[in-house]
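Grab a coffee and open the viewer. Below are some short exercises, each with a solution you can follow step by step.

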Amino acid sequence: MSAEEPLPRILVVDDDPGIRDVLAEFLGRHGYTVEAVADTRAMDAAIDERRPDVVVLDLMLPGEDGLTACKRLHASAGPPVIMLSAMGEETDRIVGLELGADDYLPKPCSPRELLARVRAVLRRRREAPRDEPQALSMTFDGWRLDLVRRELSSPQGVTVNLSSGEFNLLRAFVERPERVLTRDQLLDLARPPASEAFDRAIDVQISRLRRKLDDGSGRELIRTVRGEGYVFAAQTGRR
Amino acid sequence: MKAKMGRGGLPIFVQLLALAVMCLVSVQVVNLAAVLFLPDPPPEGYSIADAARALQGHPIMTQSGRKLVAVVTAAPPDLGLPPGAAPPRDPLDPVIAEALAQALDVPPERVRAAVDHSHAELYRTVDVTSSRNEMANHVREHTKLIIRMKQDDGPVPRVLTERHIALVMRDSALFPPFVAALQRPDGRWSVVTPPRPLLSAWHIRILATFLTSALLVVLLAWFAARLLARPIHAFAAAAQRLGADPHAPPLSSQGPAEVRTAVAAFNEMQEKLRRYVNDRTLMIASIAHDLRTPLTRLRFRVEASPPEVRDRAAADIEQMDGMISAALAYARGEGRTAERTPLDLAALVSSVVEDMKETGAAITFDPAPAVIIMGDALGLKRLVANLIDNAVKFGGEAHVSVAQAQDETIVRVDDPGPGLPQEELERVFDPFYRTDASRSAETGGFGLGLATARAIARAHGGEVRLANRPGGGLRAELVLPAPA
């Protein structure tokens, strides 16, 4: 953090005093101003008074639970929310993200992971103008790409599961429709974290994606541009 | 249709009773009709003319539908008594013999005849006395004619001899079955004996009556059985659907009273089971939550320790968290409430394989055309991942394929490992059961992977099976029913 910027304020909401202590201590050590409260009523008061930059919200809370509070904050364009929950299953994560959480972290998490997520959320907020909701899914040619579940639905409503590599690749295409993307660009955009991908790997993934996008209509959504790369040939929409 | 539903609502007891009564009544009706409307059985006997023609070598059908055939023998037939003997020879015998001789136009000594008393049942069918009365009438009627005929030729016979009677009787009168014999010019004998009673036309008519009743009863029973079985079939099918998806809506109460009672009991049991599973899931979830809170505190507290302590502590915490995750996953697999959506199973398996390959595992996958099923994508992903994980852990590598058979879809995960002893193939599905290999190796399992996989498969109406492959190694199969 540069010195001229005010220190970001973090609000921790957790009913366990031990968790409140360790989180406040850890995040404070990394240069944030931290306030910790036990329930959502105290959270609302703290948000009104001190306008925190991020809320780290526990899922299971006495009184109003974390998910409901998260939904409420999202609807009223409140501060970004990182859900921190002992329910770390894929389904829980999806529910949290669909209800408007900016990120979802299972307990027990690595402290450095939490730090990284907090920074990422703050950065995203700074880059994207406030109030622009994050897209939950993208559509193209009857298909729907669910960005939270990382699933693809065919025009017939059939779920087509994607590997994370395929998902990243398709997302890169869908977010940049009708533009020629070189293999290098695609590698940068779609590389799964901490993996060493090669040009070949992109070609293999594209052929798998094409197969999964084949609904028998004969339309080719991902076209090869000889000597240059690939282009995604469809209108896309956000939802 | 409405009437049928109404009938379907009656207790099975009443329906069965009605069926039995209806069968009984219909059989009785058929029998009554047979008695009232079938003609009387024709007499079993035959006429002199018939016997004469048969003796001349022309087989002939009698009125009751039997065949008279002459057999050639060397000796005259044994008629039981020497010719001309005193009673108990039947008084009809000389009349028949005389009539035959006249009909065949041969001297009387070349002809033998005897009423066949051995066929008592046949003998009864022609009333000899009434025959004889009839004969007397005939004779009286015809005598005048004979007298007129004879007036010109010579003296009118005063006494009606056997010869006169025979003359009148030889064409049309029916005699009880008799044995007739004619000495042929070569000295041998042609013999006609009463045919054996096997199946007369009368018998056939009676049998037809029986068959009609039987057919009627079978038809009735078939129809009634279908009517009875329909609500039970529907119940069984609905119960099966419920087994495939424990969160399916309760069965609707239709059909006979007994089935309705069973449906109610079934629904109640289902509800209890669901509550029990939900309670247990909730319990495991809250234990997991309560364990994870102190683990989180611990994780943050060791962050300030020297790196080597911190990293090892972090690894321990991660392992404990893994156990909690496994327990939660198992509990959820048992008590899933996730919705089912149409999904492409081949794409799902492929995505799991690709993701697992990212970690460097040796996995091959045969690309397969889309297989659309109804399912819970997250659960099925975990299931397939568990199977592949086991194959990689214990077999070194995994070969995955998706095959679609007629009424089921099979996901196969083969590994080239040591396989499992026969007696372990089922036991490894028990929750928290671990093989020696799993216990000793650094595989880090908790004995819940296969239990979870099976729970998820069964929640989809399918099954997970393990088998040793003939060529060595283990084969894990996920079998899912084809969508209805």
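The exercises start with how far to trust the model, then move through strands, cores and the contact between the chains.

**Exercise 1. Work out which parts of chain B call for caution.**

Solution. Keep in mind that this is a predicted model. Start with the overall scores: ipTM is 0.76 and pTM is 0.59. Next, take chain B by itself: its average pLDDT is 78, and 76% of its residues score at least 70. Now look for the weak spots. Residues 1–8 of chain B have a pLDDT below 50, and beyond near neighbours in sequence this stretch makes six contacts in the model. Residues 145–158 of chain B also fall below 50, with five such contacts beyond near neighbours in sequence. Where pLDDT is low, the predicted coordinates should not be read in detail.

**Exercise 2. Take stock of chain A: how many helices and strands does it have?**

Solution. Go through the elements and you get eight helices and 13 strands in chain A. Then turn to burial: 36% of the 239 residues in chain A are buried. Finally, check how far apart in sequence the contacting residues are. If you take contacts in chain A between residues at least 6 apart in sequence, 55% of them join residues at least 24 apart.

**Exercise 3. Trace the three-stranded sheet of chain A and find its hairpin.**

Solution. First get the order, which is β10-β12-β11 in chain A, in an open sheet with antiparallel pairing. The edges are β10(A) (180–181) and β11(A) (222–225), each pairing on one side only. Now zoom in on β11(A) and β12(A) (residues 229–232), which run antiparallel and are joined by four bridges. Two pairs help you line them up: Ile222(A) has Phe232(A) as its bridge partner, and Thr224(A) has Tyr230(A). Last, look at the turn. β11(A) and β12(A) make a hairpin with three residues between them, and Gly227(A) in that turn has a positive phi of about 80°.

**Exercise 4. Which strands of chain B pair with β8(B)?**

Solution. Take one partner at a time. β4(B) (residues 70–73) pairs with β8(B) (residues 189–192) in the antiparallel sense over four bridges; here Thr73(B) has Trp189(B) as its bridge partner. The other partner is β7(B) (residues 178–183), again antiparallel to β8(B) over four bridges, with Ala180(B) partnered by Val192(B). Then inspect the link: β7(B) and β8(B) form a hairpin with five residues between them, and Gly187(B) in the turn has a positive phi of about 90°.

**Exercise 5. Find the edges of the five-stranded sheet in chain B.**

Solution. Write down the order first: β10-β12-β13-β15-β14 in chain B, an open sheet with mixed pairing. The edge strands are β10(B) (363–365) and β14(B) (463–468), and each pairs on one side only. Neighbouring strands of this sheet are turned by 20° against each other on average, direction ignored. To see one pairing up close, take β14(B) and β15(B) (residues 474–481), which are antiparallel over six bridges. Along that pair, Arg465(B) sits opposite Glu477(B).

**Exercise 6. Which residues touch the most other members of the largest nonpolar core?**

Solution. This core has 107 residues, and the ones touching the most other members are Val56(A), Leu57(A), Ile82(A), Met83(A), Val349(B), Val384(B) and Ile388(B). By element, α12(B) gives the largest share, nine residues. A second, separate core has 30 residues, including Leu55(B), Ala97(B), Phe175(B) and Val192(B). Back in chain A, pick Met83(A) and ignore neighbours within four places in sequence: its contacts include Leu57(A), Leu59(A), Cys70(A), Tyr104(A) and Leu105(A).

**Exercise 7. Describe the side of chain B that touches chain A.**

Solution. Count residues first: 33 from chain B are in contact with 31 from chain A. Then ask which elements give two or more residues to the chain B side; they are α9(B) (257–301), α10(B) (307–334), β9(B) (341–344), α11(B) (345–357) and α12(B) (377–395). α9(B) gives the most, with ten residues. To finish, sort that side by class, and you get 14 nonpolar, seven polar and twelve charged residues.

Note on methods. Residues numbered from 1 in each chain as written. Chains lettered and ligands numbered in written order. Predicted model: local features only at pLDDT ≥ 70, side-chain atom pairs only at ≥ 80, totals over all residues. Pairing = 2+ DSSP bridges. Axes fitted to C-alpha atoms, helices over the stretch in contact; angles between N-to-C directions. Contact = placed C-beta atoms within 7 Å. Nonpolar A, V, L, I, M, F, W, Y, C, P; charged D, E, K, R; others polar. Buried ≥ 20, exposed ≤ 12 C-beta atoms within 10 Å, placed from the backbone. Core = buried A, V, L, I, M, F, W, Y, C linked by C-beta atoms within 7 Å. pLDDT = per-residue confidence, 0-100.
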